[in-house]
Amino acid sequence: MSLAPSAKGTVKFGDYKTWYRVTGDPSSGKPVLVVVHGGPGSTHDYLLRLSELAARGWPVVHYDQLGNGGSTHLPDKGADFWTPELFEAELTNLVRQLGIDGNYVPFGQSWGGLLVAMHAAKRPKGLKGLVIANSPASYPLWLQEMKVLRDQLPAGVDEILRRHEAEGTTDSPDYHNTMQAFYDKHVCRIKPAPRDMQASQYEIYNDSTVYSTMNGPSEFHVIGTLRDWGVIDVLPDIEVPTLIISGRHDEATPATVQPFQDLIPSNRWEIFEESSHVPHLEEPELFDDVLHTYLSSL
């Protein structure tokens, strides 16, 4: 496929379709930044600001992972369908179908960071670099640190959350209102949340199939199929220079990120002091400079 600048469309993925958006010129010779969103079960919207890197000459591809956004929705599929392997195969298919598999850099945010680490460990030939942003190396580590962060919430907040979790009432307004104290501190410190972030949150609310199946009812109560999964064992297989990003107030705490630095042979870890889980929104100018410098070094 020959990609035109600022193109949108879908590519076939088996019997399904993956929606994508291109900003900038993929034929420029510079590696294409492929933006892999979090969730799982979120959408590209909250990462749309990365398209501004095209103004510095870096072509950018966004896409919605299967199950949400502009891609095929499959609300009747069970837990055995929604696997990390499915989403890694979708990413591999996307870069091949778009014809950028000879020169690309995946940018994985949150869950997307584990996904791109899994992808990079297979050493695809056209992979030029890797960005892992605000991601834990495993969900057992994530859950361990969630307890630490929850214990630091204002008095009474965690008790309310745990009562709902024990009673199975995590879909109640009280649970969602109470969990906002955690989100305001560790997910996005901008109030009100930026419109792009609200757009992705709405998409999850509109179809929570993937998020609820693989993750669970909230960021800090992971009871889905990912609860025992991680990528620590494959990190030594990553050969490309890797940029690791996290925020000082991130729900992806240093303890969850540390294995990336310890085990990926060539890496640099940048911590954004005024950010939580979305530095690209919380410290945009610094974020752009960090990413531009990294891409220019490849």
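# Reading the terms in a predicted model

User: Why does Trp82 count as buried?

Analyst: The relative accessibility of Trp82 is 1%, and buried means under 20% relative accessible area (exposed is over 50%, partly exposed in between, with a 1.4 Å probe and protein chains only); Trp82 therefore counts as buried. This is a predicted model, in which local features need pLDDT of at least 70 and side-chain atom pairs count only at pLDDT 80 or more, while totals for chains, interfaces and linings use all residues. Residues are numbered from 1 along each chain as its sequence is written, and side-chain values use heavy atoms, with hydrogens and water left out.

User: Why is the pair of Phe81 and Trp82 called edge-to-face?

Analyst: The ring centres of Phe81 and Trp82 lie 4.8 Å apart and the planes stand at 90°. Rings of Phe, Tyr and Trp (its six-membered ring) pair if their centres lie within 6.5 Å, and planes under 30 degrees apart count as stacked, over 60 as edge-to-face and the rest as tilted; the pair is therefore edge-to-face. Phe81, at 18% relative accessibility, also counts as buried. Phe182 and Tyr183 form another edge-to-face pair, with 6.3 Å from centre to centre and 70° between the planes, and both of these residues are buried. The structure holds 11 aromatic pairs, and one aromatic cluster is formed by Tyr16, Phe81, Trp82, Phe87, Trp111 and Trp229.

User: Why is α2 described as largely enclosed by the rest of the structure?

Analyst: Helix α2 covers residues 111-120, and 10 of its 10 residues are buried, so the helix is largely enclosed by the rest of the structure. Among the buried residues are Trp111, Leu114, Met118 and His119. The element names follow DSSP runs numbered from the N terminus, helices being H or I runs of at least four residues and strands E runs of at least two.

User: What makes β5 and β6 a pair, and in which sense do they run?

Analyst: Two strands pair if DSSP finds at least two bridges between them, and β5 (residues 104-109) and β6 are joined by three bridges in the parallel sense. Strand β6 also runs parallel to β7 (residues 242-247), here over four bridges. Ala133 of β6 appears on both sides, for Gln109 stands opposite Ala133, and in β7 the bridge partner of Ala133 is Ile245.

User: How do you know that both faces of β6 are covered?

Analyst: On one side of β6 (residues 130-133) Leu130 and Ile132 are buried, and on the other side Val131 and Ala133 are buried as well.

User: Why does Asn134 count as buried, and why does Arg123 count as partly exposed?

Analyst: Asn134 has a relative accessible area of 2%, so this residue is buried, whereas Arg123, at 43% relative accessibility, counts as partly exposed. Asn134 lies in the loop between β6 and α3 (139-151) and has a positive phi of about 60° although it is not a glycine. Arg123 is found in the loop between α2 and β6, and its phi is near 55°, again a positive value in a residue other than glycine.

User: What makes the peptide bonds before Pro40 and Pro192 stand out?

Analyst: The bond from Gly39 to Pro40 is cis, with omega near -15°, and Pro40 is placed in the loop between β3 (32-36) and β4 (60-64). Lys191 and Pro192 are likewise joined by a cis peptide bond, with omega about -10°, and Pro192 lies in the loop between α5 and α6.

User: Why is one space called a cavity and another a pocket?

Analyst: On a 1 Å grid over the protein atoms alone, a cavity is a set of points where a 1.4 Å probe fits but cannot get out, whereas a pocket is an open set with protein on both sides within 12 Å along at least five of seven lines; lining residues have an atom within 4 Å of a point. Points are joined across faces, edges and corners, and a volume is the space filled by probe spheres set on them. One cavity of 30 Å³ or more is counted, and about 60 Å³ of space lies in the largest cavity. Its lining is made up of Gly39, Ser110, Trp111, Pro136, Tyr139, Trp142, Asn215 and Glu219. The largest pocket has a volume of about 960 Å³, and of its 35 lining residues the closest to the centre are Met179, Tyr183, Gln201, Ile204 and Tyr211. The elements giving two or more residues to this lining are α5 (173-186), α6 (195-206) and α7 (209-215), and the largest share, seven residues, comes from α6.

Definitions and conventions:
Right-handed = clockwise from strand over helix to strand, strands pointing away.
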